[in-house]
Amino acid sequence: MKNKLLYFGLIIGISVGAFLLSADKVDVCHVPPGNPENAHTINIARVAAYVHIALHEGDTMGACGSNEEPEK
């Protein structure tokens, strides 16, 4: 439970900081755990995207179904 609260605080802190410091957003293909058929594109701050991908196995940079090389 303590680790989950730490991760939650880290995600919130980074997300708020990214929102306040930058409007730089990127697309992320989010694959909900246990429901890969519901994969969908989300558009979030670049800093938050790296944290999101690290915590959500299967998520990738770029829009879902995109054949384009994602922006780095």
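Reader: Which residue forms a salt bridge with aspartate 24, and how far apart are the closest N and O atoms?

Author: Happy to start there, with a reminder that this is a predicted model. Side chains of opposite charge can pair when their charged atoms come close. Here the partner of aspartate 24 is arginine 46, with the closest N and O atoms 2.7 Å apart. The two residues come from distant parts of the chain: aspartate 24 sits in the loop between helix H1 (2–21) and E1, while arginine 46 belongs to helix H2, 22 residues apart. The count of salt bridges comes to one.

Reader: Is arginine 46 buried or exposed?

Author: Arginine 46 has a relative accessible area of 15%, and buried means under 20%, so this residue is buried. Its partner aspartate 24 has 33% and is partly exposed.

Reader: Now the sheet. In what order do the three strands lie?

Author: Strands of a sheet pair through backbone hydrogen bonds, either parallel or antiparallel. In this model the order is E2-E1-E3, the sheet is open, and the pairing is antiparallel. Strand E2 (40–45) and strand E3 (60–61) stand at the edges with a single partner strand each, so each has one side without a neighbour in the sheet. Two bridges connect E1 (residues 25–30) with E3. Look at cysteine 29, whose bridge partner in E3 is threonine 60.

Reader: Which residue forms a disulfide with cysteine 29?

Author: A disulfide is a covalent bond between the sulfur atoms of two cysteines. Cysteine 29 is joined to cysteine 64, and their sulfur atoms are 2.1 Å apart. Cysteine 29 lies in strand E1 and cysteine 64 in the segment after E3, so the bond ties together parts 35 residues apart in sequence. The torsion about the S-S bond is about 105 degrees, which means the disulfide is right-handed. As for accessibility, cysteine 29 counts as buried at 11%, whereas cysteine 64 is partly exposed at 25%.

Reader: Where does helix H2 lie, and at what angle does it run to E2?

Author: Helix H2 (residues 46–55) lies across E1, E2 and E3, and its direction is at about 130 degrees to E2. A good residue to pick out in helix H2 is histidine 52. With 17% relative accessibility, histidine 52 counts as buried.

Reader: What does histidine 52 touch, leaving out residues up to four places away in sequence?

Author: With those left out, histidine 52 touches Val28, His30, Ile42, Ile44 and Asp59. With histidine 30 there is also a polar contact between the side chains, at 3.1 Å.

Definitions and conventions
Residues are numbered from 1 along each chain as its sequence is written. This is a predicted model: local features need pLDDT of at least 70, side-chain atom pairs count only at pLDDT 80 or more; totals for chains, interfaces and linings use all residues. Side-chain values use heavy atoms; hydrogens and water are left out. Two strands pair if DSSP finds at least two bridges between them. Helices (H or I, at least four residues) and strands (E, at least two) are DSSP runs, numbered from the N terminus. Contact means heavy atoms within 4.5 Å. Axes are lines fitted to C-alpha atoms, for helices over the stretch in contact, and angles run from 0 to 180 degrees between N-to-C directions. A disulfide is a pair of cysteine sulfur atoms within 2.5 Å. Buried means under 20% relative accessible area, exposed over 50%, partly exposed in between (1.4 Å probe, protein chains only). A polar contact is a pair of N or O atoms within 3.5 Å; within protein, one must be able to donate a hydrogen and the other to accept it, and residues adjacent in sequence count only if both atoms are side-chain atoms. A salt bridge is a side-chain nitrogen of Lys or Arg within 4 Å of a carboxyl oxygen of Asp or Glu.
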